[in-house]
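Student: I'm new to this structure and I'd like a close look at one part of it. Could you start from a single residue and work outwards from there?

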Amino acid sequence: MIYEDLEIEKARKLFSGECKFIAAAVNSNAVPDEDCYEIAFAGRSNVGKSSLVNALTNRKTLARTSQTPGRTRQLIFFQLEYNITKLRLVDLPGYGYAKAPKKDIQSWTSLTVKYLKGRPSLRTICLLIDSRRGVGVYDELIMKELDKAAVSWIVILTKADKLTSEEIENIKDKTTKIISSHPAAYPEIIVTSSLKTEGIPLLRTYLASLS
Ligand SMILES: Nc1nc2c(ncn2[C@@H]2O[C@H](COP(=O)(O)OP(=O)(O)OP(=O)(O)O)[C@@H](O)[C@H]2O)c(=O)[nH]1
Ligand SMILES: [Mg+2]
């Protein structure tokens with residue numbers, strides 16, 4: 001991914017502009033009207049979705065984060081505004097945490113997939129993978145759901161600060177191979193650390209380029 005200075009600057013301005021919480025939806029009937037583009041963040045519980053939303057918007061406490069998995073149980077909508085550009089960030093509930101993970105996946109599916117499938121304003125889904133754990137069984141299931149949703153998705157590796165650069169290269173290669181068999185996946189991966197803000201400007205620019 002290579003971007004021009006102008007695009008990088010546009011992204012920086014959009015993500016440092018106004019950002020407000022607009023809704024927390026427990027079911028697909030409660031989601032706000034589609035009046036601007038949206039980007040959704042999906043991934044296992046505790047993978048760092050809420051932390052990534054905070055890092056992107058440069059706000060420490062916009063999305064609630066927690067050391068206890070299962071913190072975010074609703075679809076949480078945040079809206080960025082800069083001049084006439086608007087973009088919504090949607091923090092999705094995590095999956096794979098409950099003691100009965102299969103049941104947990106089913107409830108994730110019924111709540112979230114309904115939203116993902118019927119949302120023309122959704123530009124992409126960021127699927128977060130913990131760089132220490134790699135792609136797990138439940139991530140594979142979700143990838144299949146995402147392929148069916150007819151929305152493009154991109155893998156974001158999180159918590160890169162916990163790995164050496166050699167380990168990062170390994171997990172990047174492994175993950176790239178896995179996504180190559182998924183038709184709706186963006187072929188490149190973005191490596192991030194919300195703690196060290198690594199990869200955050202690149203991800204902002206990619207997301208802003210879709211708006
Ligand atoms: N070292 C490190 N820790 C991180 C990073 N991002 C998140 N964490 C930690 O991981 C834990 C979970 O982060 P959250 O952002 O709450 O995860 P989540 O995916 O929103 O979790 P759920 O809402 O439960 O699905 C917290 O303790 C964070 O501080 C990172 O980039 N580096
Ligand atoms: Mg969360």
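Where along the chain does Leu210 sit, and which residues is Leu210 in contact with once its neighbours within four places in sequence are left aside?

Tutor: Before anything else, keep in mind that this is a predicted model. Now to your residue. Leu210 lies in the segment after α6, the helix of residues 200-209. Is Leu210 buried, exposed or partly exposed? Count the other C-beta atoms within 10 Å and you get 13, so Leu210 is partly exposed; a residue needs 20 or more to be buried, and 12 or fewer makes it exposed. Leaving aside neighbours within four places in sequence, Leu210 is in contact with Tyr37, Arg123 and Thr124. Take Arg123: this residue is 87 residues away from Leu210 in sequence, yet the two C-alpha atoms are 6.7 Å apart in space.

Let's step back into α6 itself. Leu203, Arg204, Thr205, Tyr206, Leu207 and Ala208 are buried there. The buried residues of α6 pack against a mix of helices and strands: α1 (5-16), β2, α2 (49-57), β6 and β7. That list gives us a way inwards, through the strands.

Start with β2, which covers residues 38-43. Why call it largely enclosed by the rest of the structure? Because 6 of its 6 residues are buried. Glu38, Ala40 and Ala42 point one way, Ile39, Phe41 and Gly43 point the other way, and all of them are buried. The strand has partners too. It is joined by 4 bridges to β4 (residues 85-91), and the two run parallel; in that pairing, Ile39 has Leu89 as its bridge partner. It is also joined to β5 by 6 bridges, again running parallel, and here Ala40 stands opposite Ile125.

From β5 we can move on to β6, since those two pair in the parallel sense over 6 bridges. If you want a spot to find on screen, look at Asp130, which stands opposite Thr158 in β6. The strand β6 is mostly covered, with 6 of its 6 residues buried. Both of its faces are covered: Trp153, Val155 and Leu157 are on one side, while Ile154, Ile156 and Thr158 are on the other. Next comes β7 (residues 190-191), which pairs with β6 in the parallel sense over 2 bridges. Ile156 stands opposite Ile190 in that pairing.

How does the chain get from β6 to β7? The path goes through α5, and this β-α-β crossover is right-handed. There is another right-handed β-α-β unit here, made of β5, helix α4 (residues 137-148) and β6.

That brings us to α5, residues 165-179. Its 15 residues, at 1.5 Å a residue, should span 21 Å, and the end C-alpha atoms are 21 Å apart, so the two agree. Within α5, Ile171, Thr175 and Ile179 are buried. Why do they line one face of the helix? Seen down the axis of α5, the buried residues fall within an arc of 70 degrees, so they share a face. There's a simple rule behind this sort of pattern: an α-helix has 3.6 residues a turn, so residues three or four places apart point the same way. On the other side of α5 you'll find Glu166, Glu169, Asp173, Lys174 and Lys177, and these are exposed. The cover over the buried residues of α5 includes β5 (122-130) and β6 (153-158).

Now for the interior. The largest nonpolar core has 52 residues, and those with the most contacts inside it are Ala40, Phe41, Leu127, Leu128, Val155 and Ile156. The largest share of this core comes from β5, with 6 residues. Have a look at Leu128: not counting residues up to four places away in sequence, it touches several residues, including Phe41, Val47, Leu52 and Ile156.

For a contrast, finish with Lys20, in strand β1 (residues 18-25). With 10 other C-beta atoms within 10 Å, Lys20 is exposed. Setting aside residues up to four places away in sequence, Lys20 touches Phe78 and Gln79. Glu81 is 61 residues from Lys20 in sequence, and their C-alpha atoms are 8.7 Å apart in space.

Key: Residues are numbered from 1 along each chain as its sequence is written. Chains are lettered from A and ligands numbered from 1 in the order in which they are written. This is a predicted model: local features need pLDDT of at least 70, side-chain atom pairs count only at pLDDT 80 or more; totals for chains, interfaces and linings use all residues. Two residues are in contact if their C-beta atoms, placed from the backbone, lie within 7 Å. The expected span of a helix is 1.5 Å times one less than its number of residues. The arc is that of the directions from the helix axis to the C-beta atoms. A nonpolar core is a set of buried Ala, Val, Leu, Ile, Met, Phe, Trp, Tyr and Cys residues joined through C-beta atoms within 7 Å. Two strands pair if DSSP finds at least two bridges between them. A crossover is right-handed if, with the strands pointing away from the viewer, the path from the first strand over the helix to the second runs clockwise.
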